[in-house]
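Me: I would like to understand the labels people use for a protein model. Could you go through some of them with me, one at a time?

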Amino acid sequence: MADKEDSNNMDVNTPEHVVTEMQDVATSPGINHQMDNTPCQVDKQLDFVTINKEGHLLLGSSGLTGRYWGGSLWYYDNPALAPSVEKCRVGYEAGSGLPDGVFLDGEKIVMVGLDSGAVEFLKLSQEEESLQMRSLCQVTEHLDAVVCVKVTCQKKSALTGSLDRSIRVWDNETSLVTKLLSPAHSQQVTSLSPHPANDHLFLSAGMDGNVLLWDLRCPKPASCVYRDWDDKPESVLWVGEDDHYLVGLQSGQVALRCTTNLNHSVTTCQTLSRPIYKLELNPTRPSQVAVCGNDSKVIVLDIVNKEIKKRYEDNRHTDFVRGLAWTDSNSLVSCGWDSSVHIHGL
């Protein structure tokens, strides 16, 4: 009888009573609830866009104002839906700004560079009825912001360039650095371009005024193929599978150069009135290149018989254009610091 009275007079603050009596009335038993980690808004500065082989778009945005710089990734089935939060398939909040990113396998594995100096690997996966973007790992190898991320032609390795003046070569299977090139330039690295047919070759541009040709098979892998301290190169891009490449300069000019003839430019074109930021090759038309810079314009150039001609110009953006990606041979996507994404039909 005493035991029964003790149980009826149990202190409601005892841990045993809390565990047995408290229930979550909002949760139905037997239902697996998944947390939605999609950020509440797209950050104002849109830094990069990239398209996978399914035609889906990945958008990287950064918040470059305020006390803390953050960033977020957004995935869309249709590029025309960006940058709407409601129409994205999945979003991911990063702890830092996102200057650049790529699809490593052309489909579901993503590699992004962060302002913090870290490189993050993520995977898109279908779980029950929703698409999830989950971080596989985050590796901090660089000492300053990672401003360019590129995947090599055979997709076995990737390249990152940083404001810490170094370049790192990554193994895509293990997410580990296989080569450290430091210092690669005497000032910050601004652009990288892997060779379209040779995994061991790539070009780099830096604020030291140099464009370097790298051959990772050599004990001394770097050789200078271009130098201009007055009109510094800020972007570089292989054109085709031969020895020609493009250099985007601070003056807004684009120069066609040759790695076997270092004496002069093959031809030049005054594309913008401000520094060139990015050169993006049309993957189905290697003679066509999209250009953006510290300007609101998007330009498309044709390279015909070693001559550069303007084919297309658009000025719908109202701030610096930062991201370019080709969806097909006649369609280009751009994003910029005006928080807008535009599709250009050629």
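Me: What makes Arg322 count as lying over the face of Tyr277?
Reply: Good place to begin! This is a predicted model, in which local features need pLDDT of at least 70 and side-chain atom pairs count only at pLDDT 80 or more, while totals for chains, interfaces and linings use all residues. Residues are numbered from 1 along each chain as its sequence is written, and side-chain values use heavy atoms, with hydrogens and water left out. A charge sits over a ring if NZ of Lys or CZ of Arg is within 6 Å of the ring centre and within 35 degrees of the ring normal. Arg322 is placed at 3.9 Å from the ring centre of Tyr277, so the distance fits the limit of 6 Å.

Me: Over which other ring does the charged end of Arg322 sit?
Reply: Over the ring of Trp337, 4.8 Å from its centre.

Me: Why is the contact between Glu141 and Arg168 called a salt bridge?
Reply: The term asks for a side-chain nitrogen of Lys or Arg within 4 Å of a carboxyl oxygen of Asp or Glu. For Glu141 and Arg168 the N to O distance is 3.6 Å, so the pair meets that definition. Glu141 lies in the loop between β8 and β9 (146–151) and Arg168 in strand β11 (residues 167–171), so their contact ties together parts that are 27 residues apart in sequence. Strands here are DSSP runs of E, at least two residues long, numbered from the N terminus. Glu141 and Arg168 also belong to a network of salt bridges with Asp164.

Me: Is Arg168 buried or exposed, and how do you know?
Reply: Buried means under 20% relative accessible area, exposed over 50%, and partly exposed in between (1.4 Å probe, protein chains only). Arg168 has 7%, so it counts as buried. Glu141, at 32%, is partly exposed.

Me: What are the labels for Arg217 and Asp215?
Reply: Arg217 is exposed at 51%, whereas Asp215 is buried at 16%. They form a salt bridge, with the closest N and O atoms 2.9 Å apart.

Me: Why do β5 and β8 count as edges of their sheet?
Reply: The open sheet has four antiparallel strands in the order β5-β6-β7-β8. β5 (100–103) and β8 (130–140) each have a single partner strand, so one side of each lacks a neighbour in the sheet.

Me: How do you know that β6 and β7 pair?
Reply: Two strands pair if DSSP finds at least two bridges between them. Five bridges join β6 (residues 109–113) to β7 (residues 118–127), so the requirement is met. Within this pairing, Val112 stands opposite Glu120 in β7.
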